[in-house]
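The report below describes a structure in terms of its strands, domains, chain contact and nonpolar core. Please read it beside the sequence and the coordinates.

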Amino acid sequence: MIRPSIQARHALARLTLPVMVVASFGLMLVGKVDTILVERARIAVYDASAPIYAALARPLGDMNKTVVEIVGLWGLRDENARLRDENERLRRWQSIGLTLDAENQRLKAALRWIPDPEASYVTARVVADAGGVYAKAVLLSVGPNHGLRKGQIALDERGLVGRITEVGTRTARVLLITDMNSRVPVILEGSRSRAILAGTNGPWPRLLYWSEGTVPKEGERVVTSAEADAFPANLPVGTVRYNANGIPEVEPDAQLRALDIVRVFDYGLNGFAAPEVTARSTQGHH
Amino acid sequence: MALSDRIPGVRPRLTVGRRLDIVWRHAFPGTTSFLLMLVSLAPFGLWGQAALLPTVALTCVWFWSLFRPAAMAPPVVFLIGLLLDLLGFLPPGVGALTMLTTHGIARWLRRFLARQGFTVVWLIFITVACGIAAMNWALVSLLTFSLVPVGPVLFQAGLAAAMYPAVAIPLMFAHRSIADPDQA
């Protein structure tokens, strides 16, 4: 092996930093020109690291649960009283719900209603936060041959979580409804008026473009609309709340801060592709 | 260059085990930085956890560039920046450039900071973290043609400032023991 002289080695050592700086500018250029390549690289890195997260998910989940339980021991009596109250209330609602459901079935039968097709779904564990600083997203760990596609819809046990934006061989990324780039067509259940739910990267996405005269009411339920064929109708999204500045926001039903298991539904929709991610070119080519 | 090359004396023969030990000690800063970055994304369920990844990357690059620049060479810094871009969903190049800038500042201030105590190094680090956060925000805004919110960046800088001792103190112990090539 040829060993360069000490002077030459020093000169080379001084040069590496500028060369690397130039390389990072090159990287920026590549990122602007070829978004698909960057997306592939990202999902490949996540695919490679997914086994680590999948292995960590269970013990960490157990640990979190233990902490919650220990904290819960504190207010056990109050919690019990509250739950008994709530149970009472929910039992009343259950009977109302069952009556309405039966009535609904009868009415649909009388109208010869064509039921919506049952959607198939895949259940997946959330293994990591995949948002970075400027986005709100989570990473799902899925088995091989999972059959997930971009644009499919993720729900937890309570409500809408978001949509799939990237799919790898073992992982998929879900952009949450709270992300800055997320736009969901919704219906305000009370007035049946349409609006757009826009994420802000904060915990409460905002309502935009509701029709004149039907102002969103505090506590009103918000569900998805089938407009634009991106979502099926009537998935639970959240409830309206007004913030301190009088701007209507939505308190999501889904527990977006503590996602554990989500179901990804295939409704066979071919509407708009899932939104592009913030910290990337805004007009990715397809 | 390890101490053994500079000071004459009798020392153990270079067996395979000892060679591996030396290589490991040289690779320690880069390897642990990568691992810490990967672990920072694990589902701990912490609020604001997304800011942990840039914090860990920044602290590792700053600390090793200052105390062991030979092991945290620009190509290693570049790779850490690239991983930060890919894992942190930043536009590619932003993480690489900010990490290289951190490395450059640390190398430039090295002679001065080597004589200072922990608190001074920490205070300078806070200034650097704020500057890097501002640079990060400006680059992301420029590359996405949009004004991204300032909040997360401020939070990131604050977290980096607050978390510095938690990351740097274990690294300092490692630097003096298991990562020191002279003790191989």
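Two strands are said to pair if DSSP finds at least two bridges between them. Strands (E, at least two residues) and helices (H or I, at least four residues) are DSSP runs, numbered from the N terminus. The model is predicted, so that local features need pLDDT of at least 70 and side-chain atom pairs count only at pLDDT 80 or more, while totals for chains, interfaces and linings use all residues. Residues are numbered from 1 along each chain as its sequence is written, and chains are lettered from A and ligands numbered from 1 in the order in which they are written.

**The barrel of chain A**

In chain A, six strands close into a barrel in the order β1-β2-β5-β4-β3-β12, with antiparallel pairing, and the twist from one strand to the next averages 45°. Three of the pairings are set out here.

| Strand pair | Bridges | Opposed residues |
|---|---|---|
| β1(A) and β12(A) | six, antiparallel | Tyr121(A) and Phe265(A) |
| β1(A) and β2(A) | four, antiparallel | Asp129(A) and Val138(A) |
| β3(A) and β12(A) | three, antiparallel | Ile153(A) and Phe265(A) |

Phe265(A) in β12(A) thus stands opposite Tyr121(A) and also opposite Ile153(A). Helix α2 of chain A (residues 35–74) lies across β1, β2, β4 and β5 of chain A and runs at about 85° to β1(A); axes here are lines fitted to C-alpha atoms, for helices over the stretch in contact, and angles run from 0 to 180 degrees between N-to-C directions.

**Domains of chain A**

An automatic or database domain assignment supplies the domain bounds, and it divides chain A into domain 1 (6–51), domain 2 (52–111) and domain 3 (120–279). The centres of domain 1 and domain 3 of chain A, taken over C-alpha atoms, are separated by 33 Å. Their contact takes six residues from domain 1 of chain A and nine residues from domain 3 of chain A, where two residues are in contact if their C-beta atoms, placed from the backbone, lie within 7 Å.

**The contact between the chains**

Chain A gives 41 residues to the contact with chain B, and chain B gives 37 residues. On the side of chain B that touches chain A, α3 (74–87), α4 (94–113), α5 (118–144) and α6 (151–176) of chain B each supply at least two residues, and the largest share, six residues, comes from α3(B). This side of chain B divides into 28 nonpolar, nine polar and no charged residues, with Ala, Val, Leu, Ile, Met, Phe, Trp, Tyr, Cys and Pro counted as nonpolar, Asp, Glu, Lys and Arg as charged, and the others, Gly among them, as polar.

**The nonpolar core**

A nonpolar core is a set of buried Ala, Val, Leu, Ile, Met, Phe, Trp, Tyr and Cys residues joined through C-beta atoms within 7 Å; a residue is buried if 20 or more other C-beta atoms, placed from the backbone, lie within 10 Å of its own, exposed if 12 or fewer, and partly exposed in between. The largest such core has 98 residues, and those with the most contacts inside it are Leu140(A), Leu197(A), Ala57(B) and Val61(B). Helix α2 of chain B (residues 52–67) gives the most to this core, twelve residues. Leaving aside neighbours within four places in sequence, Val61(B) is in contact with Met72(B), Val77(B), Ile80(B), Met99(B), Thr102(B) and His103(B).

**Two positive phi values**

Asn234(A), in the loop between β9 and β10 of chain A, has a phi near 70°, and Asn234(A) is partly exposed, with 13 other C-beta atoms within 10 Å. Phe145(B), in the loop between α5 and α6 of chain B, has a positive phi of about 50° although it is not a glycine, and Phe145(B) is exposed, with 9 other C-beta atoms within 10 Å.
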